[in-house]
Amino acid sequence: MDTEILLKNRIRELAEKSYQQSVYMHTFFLTLSEQSLYYTIEREIFYAHGTFSGGYEDAERKVLMFGSEELFGYTGDFPISCLRIQSLAPKFSEVLTHRDYLGAILNLGIERECIGDILVENSGAYVFCMDNMLEFLQQNITKIKHTLVNATRVEPDEICIQQKRKPIEGFLASFRLDTVISLGFGMSRKESITFIKNKRVFVNGRLTETAGKTVSEGDIISVRGKGKIKFEKVRGQSKKGRFSVLLYQYI
């Protein structure tokens, strides 16, 4: 609880400083739980125009920045860079996981809050980081486990990320959060309610503790320990009144 209070106070300080000095201010990368804390005090500091970005659409770890062109008269950029890490000899490289990439980075002495999402693909990984970490990572990320790699900066228009998603189709009696989670993760409603009560469910980055909350098309639902799904669309309604829906599970 003390950590939550400290973070809320820090967010308030950044908002006030940004507004008073007419400069963009930002946090480091925040987890879903930390992002949710902002929403509990959003109304207090609405005047500072807080926004989130993780460097790409559907990012989980995000930077919170205060300020806007409307307030200051100029556009501010999020201090986020992207590295692409690739094997120097793809034919002989190991199969590397998210944990392998993250471990190699943290072993350099970098704090976790300086690193955003890590998206692993067949030929390497995209790593989002704070701008001030970019050069250090480029110079020091040379090996992941036993695989020699190089790290190069990727410009925003060069980022080609296609997150792997698995379609899930089914029928729902309603759009309650617990029923959507049950379908998306293949669990019972009782199990889904337990996750909600244990504060492990986030809808569009906001902690949600109401099982009966209505989910809408486009909503992103994250369940800690299970993963993330998107409520893509409602396809129609059966004669018995049940709704045909399409979800996507991120894998």
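This passage walks through the fold of the protein, from its overall make-up to a few of its elements. The structure is a predicted model, and its secondary structure comes to 7 helices and 14 strands. Along its principal axes, the C-alpha trace spans about 60 × 55 × 35 Å. Of the 251 residues, 41% are buried. The accessible surface adds up to about 14,200 Å², and carbon and sulfur atoms account for 48% of that area. Looking at contacts between residues at least 6 apart in sequence, 61% turn out to join residues at least 24 apart. As for charge, there are 34 positive and 31 negative side chains, with the centres of the two sets 10 Å apart.

Now for one of the sheets. Strands of a sheet pair through backbone hydrogen bonds, and they can do so in a parallel or an antiparallel way. Here, 6 strands make up an open sheet with antiparallel pairing, in the order β9-β14-β13-β12-β10-β11. Its edge strands are β9 and β11 (206-207), each of which pairs on one side only.

Starting from the β9 end, β9 and β14 run antiparallel and share 8 bridges. One of the residues involved is Leu172, whose bridge partner in β14 is Phe243. On from there, β14 also pairs with β13, again in the antiparallel sense, over 7 bridges; in this pairing, Lys230 stands opposite Tyr248 of β14. These two strands, β13 and β14, form a hairpin with 5 residues in between, and Gly241 in the turn has a positive phi of about 90°. Strand β14 is mostly covered, too, with 7 of its 8 residues buried. One more step along the sheet, β12 and β13 run antiparallel and are joined by 4 bridges, and here Ile221 sits opposite Ile229 in β13.

Helix α6 (residues 177-185) belongs in this part of the story as well. The helix is largely enclosed by the rest of the structure, because 8 of its 9 residues are buried. Those buried residues are Leu177, Asp178, Thr179, Val180, Ile181, Ser182, Gly184 and Phe185. What covers them? The cover includes sheet strands already met, among them β9 (165-172), β12 (220-223), β13 (227-237) and β14 (243-250), along with β10 (201-203) and helix α7 (189-197). Just after α6 comes Gly186, which takes a positive phi of about 60°.

Elsewhere in the chain, strand β4 (residues 80-87) has 6 of its 8 residues buried, so the strand is largely enclosed by the rest of the structure. Two of its pairings can be followed here. With strand β6 (residues 124-130), β4 runs antiparallel and is joined by 7 bridges; Gln86 has Gly124 as its bridge partner in β6. With strand β8 (residues 147-153), β4 pairs in the antiparallel sense over 5 bridges, and Arg84 stands opposite Thr152 in β8.

Last comes a charged residue, Asp100, which lies in helix α4 (residues 98-106). Asp100 is buried, yet it has no salt bridge. Which side chain of opposite charge is nearest to Asp100? That would be Lys145, 4.3 Å away. Setting aside neighbours within four places in sequence, Asp100 is in contact with Val95, Ile144 and Lys145.

Note on methods: Residues numbered from 1 in each chain as written. Predicted model: local features only at pLDDT ≥ 70, side-chain atom pairs only at ≥ 80, totals over all residues. Heavy atoms only, no water. Buried < 20%, exposed > 50% of the residue type's maximum accessible area, 1.4 Å probe, protein only. Contact = heavy atoms within 4.5 Å. Areas by Shrake-Rupley, 256 points an atom, 1.4 Å probe, with all protein chains shown as cover. Lys, Arg positive; Asp, Glu negative; His and termini not counted. Charge placed at Lys NZ, Arg CZ, Asp CG, Glu CD. Salt bridge = Lys/Arg side-chain N within 4 Å of Asp/Glu carboxyl O. Pairing = 2+ DSSP bridges.
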